[in-house]
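Student: I would like a close look at one part of this model, the place where the two chains meet. Could you take me through it slowly, and then show me how it fits with the rest of the chains?

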There are 2 protein chains.
Amino acid sequence: MMKKVRLGIVGLGAQGGAYAEFIKEGRVNNMEVGAICDVDPEKKAVAEEKYPDVPFYDNYIEMMESGNVDAIVTCVPHYLHPEMGIEALKRDIHALVEKPAGVYTKQVKELNKFAATKPEVTFGIMFNQRTNELYQKVKEIIDNGEIGEIRRTNWIITTWWRPQGYYDQSAWRATWEGEGGGVLVNQAPHQLDLLQWIAGMPKKVYSNVKYGYQRDIAVEDEVTAMFDYGNGATGVFITATHDVMGTDRFEILGDNGKIVVDDSKTVTIKRLKKPESEMSATMSMQDVMEIFMGKGPGEMYDEEVIEFESVWGAQHTAVMENFAANVLDGTPLLAPGSDGINGVALANAIHLSSWLGKEVELPLDEDLYLAELNKKIKEEKSE
Amino acid sequence: MMKKVRLGIVGLGAQGGAYAEFIKEGRVNNMEVGAICDVDPEKKAVAEEKYPDVPFYDNYIEMMESGNVDAIVTCVPHYLHPEMGIEALKRDIHALVEKPAGVYTKQVKELNKFAATKPEVTFGIMFNQRTNELYQKVKEIIDNGEIGEIRRTNWIITTWWRPQGYYDQSAWRATWEGEGGGVLVNQAPHQLDLLQWIAGMPKKVYSNVKYGYQRDIAVEDEVTAMFDYGNGATGVFITATHDVMGTDRFEILGDNGKIVVDDSKTVTIKRLKKPESEMSATMSMQDVMEIFMGKGPGEMYDEEVIEFESVWGAQHTAVMENFAANVLDGTPLLAPGSDGINGVALANAIHLSSWLGKEVELPLDEDLYLAELNKKIKEEKSE
C-alpha cells in the first residue's frame, strides 16, 4: 500500500476548516492532514482543540519546510494564491490552489510559468464543479461533436445570493484591495471555468457591471457580459448576488442540437436528426408549417433528459482525491492548476470592459488591467 | 344594433388573406370586409373567387375614397405602414397598422404626429400578443407592484425559425430596401413591444448583431442586446431565426419577486414574503444557511404557476374586435397605434449600436439612424 499524501492546510477559515473535517472523517482516500497553518492566533486554539495531533504553524513557509507536509491547499485571500503556489512548487511541495487562481492574469501567468518548470510536482486547482458528473456529461457531448459547432451559449447564474451581513463579516471582503472584485472573483469563478472548459474562450467581451448596486460594497454584485467567440458564435453570462430566488440556467445551441442545464441538476439534450444548416437549405416554408403545426417536434430531434444528484462536499473531496492520486500514481488531474488562468482572464476582461466602457479583446492587456485595478485600490483607500 | 365596421384590407398576402378569412368566418364581432386592395393582378383573381361580393381595388387611396370602407388594415411591406396610416387618417378612415409601425422612428413619428391631430379617428396597431392573457397577467403583476421595482429582464426568444426558403420567397424579403432589417423588424417586434409594454423603455442599448450569419441574407438573423434602464435595472434580449429548437424564456426579477414565462405558456410567479433588500439588511449568514439547507425556499416566497392555452388566430381577431369596438363605442384600445414607435426605437437602437460598435442612448438620434440605414440600402444596391 502506498503512503498517504500529507496535506498542509493554509488558512483554517470556512473552506480550510471544511477540508480538514472531510479528511478527518476519512472521506478523502490517500490523504491525511499533515499540518495546519493560520496567521490568526484564535485559529490556533481551534486547531489544537479539534486536531490535537496535527502540528500547527503560523507561517506557511515554515510549515512547508518542516517535513510534515507533501502538499498544501491555499485557503487564503485570492491575491495570495499565486505567491503561495510558487513558494510550494519551489520546494517540491505539491500545490492545490483554491479558486480563483489569482486576482489578475499577470500574477497567475507567473505562477503558471513557474509551474511549467516543475512538471514533476503536482499543481492543481479547486474547480470542484468539474467533478460534477452533470458538467462532465455536457463537456463530453460537446467534445464528441454531438450537437455540432457551438453557435450560442447563455448562462444565467444568479444563485449566489449573499446578504449584506455576509459582506460585513470581515473588512477585506468585497474590497478591491482585499478580494480584487465581487461575484466574479469570489462566487462565479466556478461557472467561468466550466463555461470556458466546455465552450472555449471567447475572443471579445463586452459587459455591464454593477458595482455596489444592491449591496453596500465597492465591488460588483451584478454582471451582464456578452461574449464573441470570433467564429460567429456568441454568448451571454449573467451573475448576481442579490437574487434570493436565484436562476441557474445554462443553454448551449449547436448546429446539430441544444443542451439546456437547469439548476445544475437537469440536463435536456436535443439532438437534431439533420444539421440545422441542412434543414434550412432543403426545407420549404410548407414543410416547416407541417412540422410546427402537425407532426410536432419529435420528427426533428430526439430529446434526452438526465437528472443528476449532488452531495454536499462530495465535489471537493473528489478534487482532493484526484489530486492525491496524481501525486501518488500520476492519475491525470481533472483540474490542472494551469487551467485557472482562463477564468481569471474572463473575470478581468469583464471588469475591464465595464471600466473602459467598450468591448475588450482576449488575450487581455494585462498591464492595463493591473493599472486599472490599482487605481480602484487607491481610490478605495482614499475614501 | 350598431352597424359593423367595414374593413378595407390593403394587401392580400398571407396576413391580409388570413384576416379576410377570419372576418368571413364570423370570428370578428362588429366587423365585415368592406373592400380588398392589392397591386398584384393575381391577387385580384384570388379575391374575385373567394370574395365575389367584395369590391376589389388596385389603389388603396381609391378604395378609401370609394365610400365602401370605414377603416383599413395595412398588410403591406413595413416601410409603407406610416404613409398609409397617414393617408387613411387624413380621410377620417380608421387605421389599423400592421407591426412594425414603420422601419425607422423618423417615419413613425410623422405618423404619430399626424394621428395626434385626429383624436376622433381610431388608430391602432396589430400587436396581437397584447391580447394574450398570459402577457396581460404579467403586465398586471408588474403594474400592481407585486414583484416590486424591476431589477433585471432577460428574454431569450429564438422560436422564430425561418429556413433559407422563407427568405428566398420574394426578392424584397430580408433586404435593407425591402424590409429594413431581419428578425428585429419582421419577427421580434411582438416581443420588443411586449417587453417595453411590461418593463418600460431602456435608456441605453448595446448589441452584438449578426447579419447573414446562418442565412444567405443581408439583414440580421441573430441578435444579442443588452439594456440599461437608467435606474440600475438591466436587461438582455436575444433573438434568432436559425434555432429550430427555439427557446422562449422571459424572466423578470424585482425587489419583491420574480416572474418566469416559459414558451409563452407557463408563468411562474415567486412572491417574496419580505422585500429582498430587507432580507439582505437583516439576515446573517447563519440565517441564510438555515434557509438554503434546511427550511427550503417555501419559507422565503410563495410560488404560483399558471398555464395558459392559446388558439391560432384568436389574438388577431381579438385585436380586430377591440379596434372595431373602439370605432363603435370608444372601448379603449389594447394597442393604440402611437405605441408602435417604442418597438421600432428599440429595433433601431439595436441596429445602430452594432453599426457604430458602441452603446447608444434612447431616445435615438433618428437622423443618424436613417443616414446609416440609407447607407446599407445603397451598399446593397451596388452589390
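Tutor: What follows is a walk through the interface of chain B and chain A, and then through some features of the single chains. Please keep in mind throughout that this is a predicted model.

Let us begin with the extent of the interface. On the side of chain B, 54 residues are in contact with 54 residues of chain A. The size of an interface is often given as the accessible area lost when the parts come together. Here chain B and chain A bury about 4,700 Å² between them, and 63% of that area is on carbon and sulfur atoms. Within the area that chain B buries against chain A, Trp161(B), Met226(B) and Met245(B) supply 15%, which is more than any other three residues.

The polar side of the interface deserves equal care. The rule finds 28 residue pairs in polar contact across the interface of chain B and chain A, counting pairs in which both residues are at pLDDT 80 or more. Strand 9 of chain B (residues 220–228) gives the largest share of the side that touches chain A, namely six residues. Sorted by class, that side of chain B has 23 nonpolar, 16 polar and 15 charged residues.

Charged residues also pair across the boundary, and the rule finds eight salt bridges between chain B and chain A, while the structure holds 54 salt bridges over all chains. One that can be followed atom by atom joins Arg215(A) to Glu276(B), with the closest N and O atoms 2.4 Å apart. This pair crosses between chains, running from Arg215(A), in the loop between strand 8 (204–211) and strand 9 (220–228) of chain A, to Glu276(B), in helix 10 (residues 276–282) of chain B.

How are the two copies arranged about this interface? Chain B is superposed on chain A by a rotation of 180° with 0.0 Å of shift along its axis, and the RMSD is 0.0 Å. The two copies are thus related as by a two-fold rotation axis. Among the residues of chain B, Lys358(B) comes closest to that axis, with its C-alpha at 3.5 Å. As 100% of the interface residues of chain B are also interface residues in chain A, the copies meet through the same surface.

To place Arg215(A) in a wider frame, we can turn to the record. In an unreviewed entry, UniProt places the feature "domain: GFO/IDH/MocA-like oxidoreductase" at residues 135–259 of chain A. That span is 19% helix and 34% strand, and its end C-alpha atoms lie 11 Å apart. The UniProt annotation "domain: Gfo/Idh/MocA-like oxidoreductase N-terminal", also from an unreviewed entry, covers residues 6–120 of chain A. Over residues 6–120 the chain is 43% helix and 19% strand, with the end C-alpha atoms 17 Å apart.

Finally, some details of the backbone are worth checking by eye. Most residues other than glycine have a negative phi, and most peptide bonds are trans. Asp92(A), however, has a positive phi, near 60°, and this residue lies in the loop between helix 4 (81–90) and strand 5 (94–97) of chain A. A cis peptide bond joins Leu362(A) and Pro363(A), with omega about -5°, and Pro363(A) sits in the loop between strand 15 (360–361) and helix 13 (366–381) of chain A. In chain B the peptide bond from Leu362(B) to Pro363(B) is cis as well, with omega near 0°, and Pro363(B) is found in the loop between strand 15 (360–361) and helix 14 (366–381) of chain B.

Conventions:
Residues are numbered from 1 along each chain as its sequence is written. Chains are lettered from A and ligands numbered from 1 in the order in which they are written. This is a predicted model: local features need pLDDT of at least 70, side-chain atom pairs count only at pLDDT 80 or more; totals for chains, interfaces and linings use all residues. Side-chain values use heavy atoms; hydrogens and water are left out. Contact means heavy atoms within 4.5 Å. Buried area is the accessible area (1.4 Å probe) that two parts lose on being put together, summed over both. A salt bridge is a side-chain nitrogen of Lys or Arg within 4 Å of a carboxyl oxygen of Asp or Glu. A polar contact is a pair of N or O atoms within 3.5 Å; within protein, one must be able to donate a hydrogen and the other to accept it, and residues adjacent in sequence count only if both atoms are side-chain atoms. Helices (H or I, at least four residues) and strands (E, at least two) are DSSP runs, numbered from the N terminus. Ala, Val, Leu, Ile, Met, Phe, Trp, Tyr, Cys and Pro count as nonpolar, Asp, Glu, Lys and Arg as charged, and the others, Gly among them, as polar. Copies are superposed by least squares on the C-alpha atoms of residues with pLDDT of at least 70 in both. UniProt positions are given in the numbering used here, feature names are shortened, and annotations may be inferred rather than shown by experiment.
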